[in-house]
Amino acid sequence: MHGEYKVPGGKLVVVDLEVVDGGVQDFRLAGDFFLEPDDALPLIDAAVNGLPATTDAAGIAAAVRAALPEDAVLLGFTPEAVGVAVRRALSRASTWQEYDWEIIHEGPISPNEHLALDQVLTEEVGAGRRGPTLRIWEWDQPAVVIGSFQSLKNEVDPEGAAKYGVEVVRRISGGGAMFMDAGAIISYSLYVPTDLVQGMTFADSYAYLDEWVIEALKSLGIEAYYQPLNDITSTKGKIGGAAQKRLGTGSLLHHATMSYDMDGEKMVQVLRIGREKMSDKGTTSAAKRVDPLRSQTGLTRAEIIDRLIATFTKLYGAHEGHVTAEERQRAQELVASKFATREWLERVP
């Protein structure tokens, strides 16, 4: 069995192993990481050999850590990364390069249709009718997108929303509210088989699925990094956040929103952002929480999107795609029957 895990912001961890009588045998660790002293490598191999094949990633990491000498130095990887790579091998997880990726970047549609398309395209990937896909959003009206489990009245100020003509919608994934002014943010969705993140915790999968974004931002001169659980940030401030939904059909929705040119004052009039939440972020002003991409790059929104697409294509290979007529029709039907209804919007009053 063979497993690979690219540590977000780190190095590639590669493992090969066999399972004999329910235990790990012939385990070999490799990769482009750095490890001192040299004789620590066979110690790691010996620590994993003989472990029950049912051992979880945390148990594997504990065995590796216990076997390392006190002066061992691991650069670009961790015992936890070894655990993830082993679990990915045992679960026969797939890699990015195994798929024929499609990238969709089409004209503006309503916020509710974006949310309906997220559900439809994730279902299509799970059913095997669509390959893994990256979709870049475009819209021409302001909106607030609240998480699946958020309270409508706690998150949105109806007077502020009405003042600025902001539509309020609810997505199928969890997480926090997103203020989406027209042309002021960059949003994308990934529709992937769950095999791609087999062997990972939810927390690990967030950073793993957005690593290409971090690389793209770094290529633009932004000192970007991932801050658990789901924030894309930089040394100059938060850039955006991600959310996920697993449909139980073998597919996963992962989407993220990054601020390009945020109007912080408008945002705080539309969103109810409590003092406790703000104090947790170490700031007293909601308007200062997000540092837009425009201020860090000086580039147009279109130029940044082009770099994102180019980076994804370079790393994983991809071709231009489109939403099919059937998929769009299903999405529009879902808007009418679900996403645009008061029952859905007020599912958590």
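**Exercise 1. Find the residue that stands opposite Ala-243, then work outwards to the whole sheet.**

Step 1. Start with one pair: Ala-243 stands opposite His-255 in β15. Keep in mind that this is a predicted model.

Step 2. Now look at the two strands around such a pair. Strand β14 covers residues 237-246 and strand β15 covers residues 251-259; 7 bridges join them, and they run antiparallel.

Step 3. Widen the view. β14 and β15 belong to an open sheet of 8 strands with mixed pairing, ordered β12-β13-β14-β15-β11-β7-β6-β16. At the edges stand β12 (224-227) and β16 (318-320); each has a single partner strand, so one side of each is left without a neighbour in the sheet. On average, neighbouring strands here are turned by 20° against each other, direction ignored.

Step 4. Add the helices. Helix α8, residues 211-219, lies across β7, β11, β12, β13, β14 and β15, and runs at about 150° to β12. Helix α12, residues 301-316, also packs on the sheet, where it touches β6, β7, β11, β15 and β16. The direction of α12 makes about 170° with that of β6.

**Exercise 2. Describe the three-stranded sheet and the helix that lies across it.**

Step 1. Write down the order: this open sheet of 3 strands reads β1-β2-β3, and its pairing is antiparallel. Its edge strands are β1 and β3 (23-31), each of which pairs on one side only. From one strand to the next, the twist averages 20°.

Step 2. Zoom in on one pairing. β1 and strand β2 (residues 12-20) are paired over 5 bridges in the antiparallel sense. Within β2, Val-13 is the residue opposite Tyr-5.

Step 3. Place the helix: α3 lies across β1, β2 and β3 and runs at about 50° to β2.

**Exercise 3. Work out the surroundings of strand β8, and say which way its side chains point.**

Step 1. Recall a general point: in a regular strand the side chains alternate between the two faces of the sheet.

Step 2. Check β8 (residues 143-146). Ala-143 and Val-145 point one way, Val-144 and Ile-146 point the other way, and all are buried.

Step 3. Find the partners. β8 is joined to β9 (residues 167-170) by 4 bridges, and these strands run parallel; Val-144 has Val-168 as its bridge partner in β9. With β10 (residues 178-180), β8 shares 3 bridges and runs antiparallel; there, Ala-143 stands opposite Met-180.

**Exercise 4. Characterise the second largest pocket.**

Step 1. Give its volume: about 420 Å³.

Step 2. Count and locate the lining. There are 21 lining residues, and Val-7, Pro-8, Gly-9, Ala-207 and Tyr-226 lie nearest the centre.

Step 3. Trace the lining back to its elements. At least two residues each come from β1 (2-6), α3 (79-90), α7 (202-209), α8 and β12. The largest share, 4 residues, is supplied by α8.

Step 4. Sort the lining by character: 13 nonpolar, 2 polar and 6 charged residues.

**Exercise 5. Is Gly-128 buried or exposed?**

Step 1. Locate the residue: Gly-128 is in the loop between α4 (111-127) and β7.

Step 2. Compare its value with the cut-off. The relative accessible area of Gly-128 is 62%, and exposed means over 50%. Gly-128 is therefore exposed.

Step 3. Look for a partner distant in sequence. Gly-128 and Gly-250 are 122 residues apart along the chain, while their C-alpha atoms are separated by 9.3 Å.

Note on methods: Residues are numbered from 1 along each chain as its sequence is written. This is a predicted model: local features need pLDDT of at least 70, side-chain atom pairs count only at pLDDT 80 or more; totals for chains, interfaces and linings use all residues. Side-chain values use heavy atoms; hydrogens and water are left out. Two strands pair if DSSP finds at least two bridges between them. Axes are lines fitted to C-alpha atoms, for helices over the stretch in contact, and angles run from 0 to 180 degrees between N-to-C directions. Contact means heavy atoms within 4.5 Å. Buried means under 20% relative accessible area, exposed over 50%, partly exposed in between (1.4 Å probe, protein chains only). On a 1 Å grid over the protein atoms alone, a cavity is a set of points where a 1.4 Å probe fits but cannot get out, and a pocket is an open set with protein on both sides within 12 Å along at least five of seven lines; lining residues have an atom within 4 Å of a point. Grid points are joined across faces, edges and corners, and a volume is the space filled by probe spheres set on the points. Ala, Val, Leu, Ile, Met, Phe, Trp, Tyr, Cys and Pro count as nonpolar, Asp, Glu, Lys and Arg as charged, and the others, Gly among them, as polar.
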